[in-house]
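Opening the notebook on a ligand site. I want to look up what surrounds the ligand and what space holds it.

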Amino acid sequence: TSNTSKAKTKGQGAATSVSIQLDKDDFKQAVIRNLHRTLGTDENKANKHAWWKATSAAMQELVFERLRTTQKTHYLNDTRAVHYFSAEFLMGRLLSNNMHNFELFDTAKRALKELGVDLVDMLEEEPDMALGNGGLGRLAACFIDSLATMEFPAIGYGIHYEHGLFRQEIRNGAQIERPDSWRDYGNPWEICRPESIQQISLYGYVETKYDEDGKIHKEWHPGSIVTGVPWDIPIVGYGGKTVNVLRLWQSQSSEYFNWDVFNAGGYVDAQRENVESETISKVLYPNDETEAGKELRLIQQYFFSACSLKDIIRRYKRVHGDDWSRFAEQVVIQLNDTHPAIAIPELMRILVDRAELSWNVAWEICTQTFAYTNHTLLPEALEKWPVRMIGKILPRHLEIIYEINHRFMAEVDAKWPGNNEIKAKLSIIEESNEKMVRMGNLSVVGSFAVNGVAEIHSALVKSQLFPEFNELYPGKLTNVTNGITPRRWLKACNPSLSALITKKIGGDWILNLDKLDDLSAFASNKTFQNQFMKVKQQNKLALAEEIKKLTGIIVDPKAIFDIQIKRLHEYKRQHLNLLHILALYRRLLQDPDYDMHPRVFIFGAKAAPGYALAKTIIYAINVVADKINNDSRVNEKLKVVFLPNYRVSLAEKMIPAADVSQQISTAGKEASGTGNMKLALNGAITIGTLDGANIEIAEEVGEDNIFIFGLTVDEVNETLSAGYNPYDYYYSNEELKATIDWLDSDYFTPGNPHALSSLKHSLLEGGDPYLVLADFEDYCKANLALDLAYRDKSKWAKMAILNTAKMGKFTSDRSIKDYVERIWKLDSCQVK
Ligand code: Z57
């Protein structure tokens with residue numbers, strides 16, 4: 001059942017020409033027809049929302065046509081396909097993306113203009129599809145764009161959350177969470193597939209039976225049954241040839257009533273403790289990089305994994321019947337983190353209990369089917385589930401996990417005879433006070449490939465997280481550096497820069513991002529520098545207007561636009577940025593002539609609702625912003641903006657306007673980062689640590705075109721093992737001490753002197769686990785260098801151009817090519 005032998009890759013197979021021919025007048029007719037027939041209104045009555053819906057419906061006609069052709073082609077070819085299992089898909093808006101990928105954006109714009117509608121303005125009607133938290137979810141969205149663009153047979157599987165990531169409001173400086181309701185007025189992109197519903201089981205007990213030959217057979221008598229309803233979102237590849245599917249499961253109560261459980265002891269009482277069916281897909285857990293350990297979360301994971309597996313098996317059986325021998329040749333399942341790892345024992349259960357394969361045959365199929373991506377080393381993000389909880393919700397799966405572990409421990413013993421220390425470390429079961437199932441260990445054991453998401457991260461996965469696994473399974477652990485789709489993150493979000501680039505070097509970069517390197521030849525050309533920076537200036541002007549609209553704050557578009565956009569987390573160190581802002585503020589107060597180029601610090605960040613310190617940091621940024629922005633002594637040179645409700649559609653407005661990209665995580669903590677790639681692609685210069693993909697960005701752009709500062713991974717480890725004491729830095733750097741103490745006065749929170757003291761506390765008594773104080777001085781130096789560089793207009797323009805020019809490596813097309821050639825072994829499939 002080896003999947004490595006059969007298939008070979010045919011290269012990119014990407015579409016190169018438009019497949020849909022539709023002119024302006026056709027488009028107009030399609031919109032009007034949908035206005036009449038789908039919306040039941042007309043040109044005179046239609047409001048913006050109706051126009052948006054009619055236009056979406058017009059696009060959807062084209063999308064469905066290609067979707068049908070693609071599905072038919074894949075079915076007839078019976079091709080091997082990748083199944084991307086992810087609890088999150090952070091899609092953002094789809095209308096403009098679909099227009100761009102069909103190369104119909106300009107046509108649509110002209111058509112709508114003739115109907116008296118401004119397309120760009122109308123696009124704001126679409127709510128973001130925010131079914132993800134941050135990097136991990138957005139990565140999944142970029143990957144399915146690249147898969148469709150390169151015409152690989154692929155399907156995304158996830159959860160159809162009723163409520164995506166919460167909407168953030170800022171009240172008196174503090175974050176308030178409001179429910180997200182992205183489907184309230186209907187979502188034109190999804191289609192319900194009631195013909196493909198699935199039923200999955202939960203709770204109950206396992207009965208051990210013996211047949212006539214004394215063979216053991218396990219039967220799971222579930223306590224309840226849940227229905228999964230699939231919703232399909234078409235994923236349009238660039239060029240419009242392949243349209244793949246993102247299939248999201250919605251939970252529904254099933255009519256089933258399980259009499260076994262009723263007879264075994266009181267259904268009603270048992271049911272009361274159980275999660276209600278409809279609740280399962282209600283809401284996305286808003287934690288990024290922290291595990292809540294909640295029962296409902298585990299049920300969400302099992303729900304979508306089990307529905308997806310059944311869906312895959314149904315499709316496989318349609319062609320291959322009960323012959324399982326070709327399963328792993330046809331199916332590869334990528335686990336996006338451990339969130340869907342319960343799929344491993346679920347497939348074992350189906351193969352052993354249902355298909356009645358032997359354990360060894362089943363295990364071989366299983367371990368040739370799954371591959372696992374690790375996205376973090378942070379201990380609080382590594383999933384562990386109490387044995388007791390799994391035993392209650394999935395009693396048969398717990399038995400299977402124990403059996404997997406039993407056999408695995410024998411393997412470990414063969415490799416390291418009698419070494420109980422290694423056994424305890426590698427065991428899927430953590431023998432703590434409350435026994436836990438380690439989902440990371442289960443994923444490594446049950447997969448044929450494990451990858452990290454940037455070179456340094458993958459090296460640390462091998463050396464720090466899973467060193468013994470790397471010895472036991474040489475070659476299993478590998479790297480695939482993340483990437484981003486240039487369709488959304490340059491072509492669509494930055495039309496002026498895209499047009500300039502295409503004018504200069506042609507349009508091949510859209511499908512072959514390495515082509516951007518042709519811009520390098522013009523990096524020192526004064527005319528091109530002026531054109532490039534003129535686009536940046538226009539984008540800054542547009543963002544300045546957006547900032548005014550959203551916050552009332554007036555910023556100078558001539559100032560440096562310095563942007564930090566990402567989830568709020570201590571390891572990402574927004575508070576290091578804030579301390580530097582305070583240092584600048586203090587310098588300006590002490591010396592009104594302090595020489596600096598005007599600078600606007602712009603933040604976007606959501607904090608997990610239960611993460612108190614992260615919320616305090618948001619509050620701190622906002623109160624400091626308020627003080628500085630209203631202090632006429634400094635606000636010609638310094639402004640601070642916190643843009644509320646950071647999300648994909650806001651990122652699309654901020655990124656094209658950035659001069660500076662803040663990527664300042666503690667070295668070793670940010671697995672990759674992807675915002676770093678988006679910002680550099682749009683000509684922002686990175687100020688950052690040698691962490692995650694920053695290292696590879698620095699390699700590509702060269703040290704003259706990036707501001708690197710701070711401790712390296714090795715230095716971080718040395719500093720910590722030498723007994724790091726933040727007070728040493730606090731007492732030896734007067735400016736650092738003053739800024740930290742300032743936070744603990746009532747200067748920023750009049751009448752409430754200790755509102756921010758938890759921040760100071762974490763940096764001092766708390767031990768400063770993320771080494772903010774240790775990196776402060778070098779960060780200030782890098783900022784000085786940056787400020788000086790910006791004043792040399794030509795030098796800065798050259799740096800900006802080279803950043804765009806050198807981002808070829810970071811297209812998600814390259815990431816997908818890596819996965820396809822080294823892990824998935826897929827052939828592309830041209831759809832005619
Ligand atoms: C998440 O967004 C990431 C890692 C996680 O373990 C979880 Br949970 C959520 C992020 C990393 O922090 C980024 O560094 C990385 O670029 C991204 O995943 C995509 O790999």
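How far is an oxygen atom of the ligand from an N or O atom in the side chain of tyrosine 571? I get 3.2 Å for that pair, which fits the polar contact cut-off (a pair of N or O atoms within 3.5 Å). I also looked up glutamate 289, where a side-chain N or O atom is 2.3 Å from a ligand oxygen. For leucine 136 a polar backbone atom is 2.9 Å from an oxygen atom of the ligand. The ligand alone exposes 460 Å², and the protein buries 96% of that (Shrake-Rupley, 1.4 Å probe).

Note on the source: this is a predicted model, with pLDDT of at least 70 needed for local features and 80 or more for side-chain atom pairs, while totals for chains, interfaces and linings use all residues. Numbering runs from 1 along each chain as its sequence is written, and side-chain values use heavy atoms, without hydrogens and water.

Next, the shell. I find 15 residues around the ligand (a heavy atom within 4 Å), and the closest include His375, Asn482 and Gly673. They divide into five nonpolar, six polar (Gly counted here) and four charged. Domain 2 and domain 3 (486–809) both give residues to this shell, so the ligand lies between them; the bounds come from an automatic or database assignment.

Last, the space. I checked for cavities (1 Å grid over the protein atoms alone, points where a 1.4 Å probe fits but cannot get out) and got seven of 30 Å³ or more. The largest holds about 840 Å³, and 47 residues line it, Asn133 and Asp288 among the closest to its centre (lining means an atom within 4 Å of a point). The ligand takes up space in that largest cavity (more than half of its atoms within 2 Å of the grid points).

How values were computed
Polar contact = N/O pair within 3.5 Å; in protein donor to acceptor, adjacent residues only side chain to side chain. 1 Å grid on protein atoms, 1.4 Å probe; cavity = no way out; pocket = protein on both sides within 12 Å on 5 of 7 lines; lining within 4 Å. Points joined across faces, edges and corners; volume = space filled by probe spheres on them.
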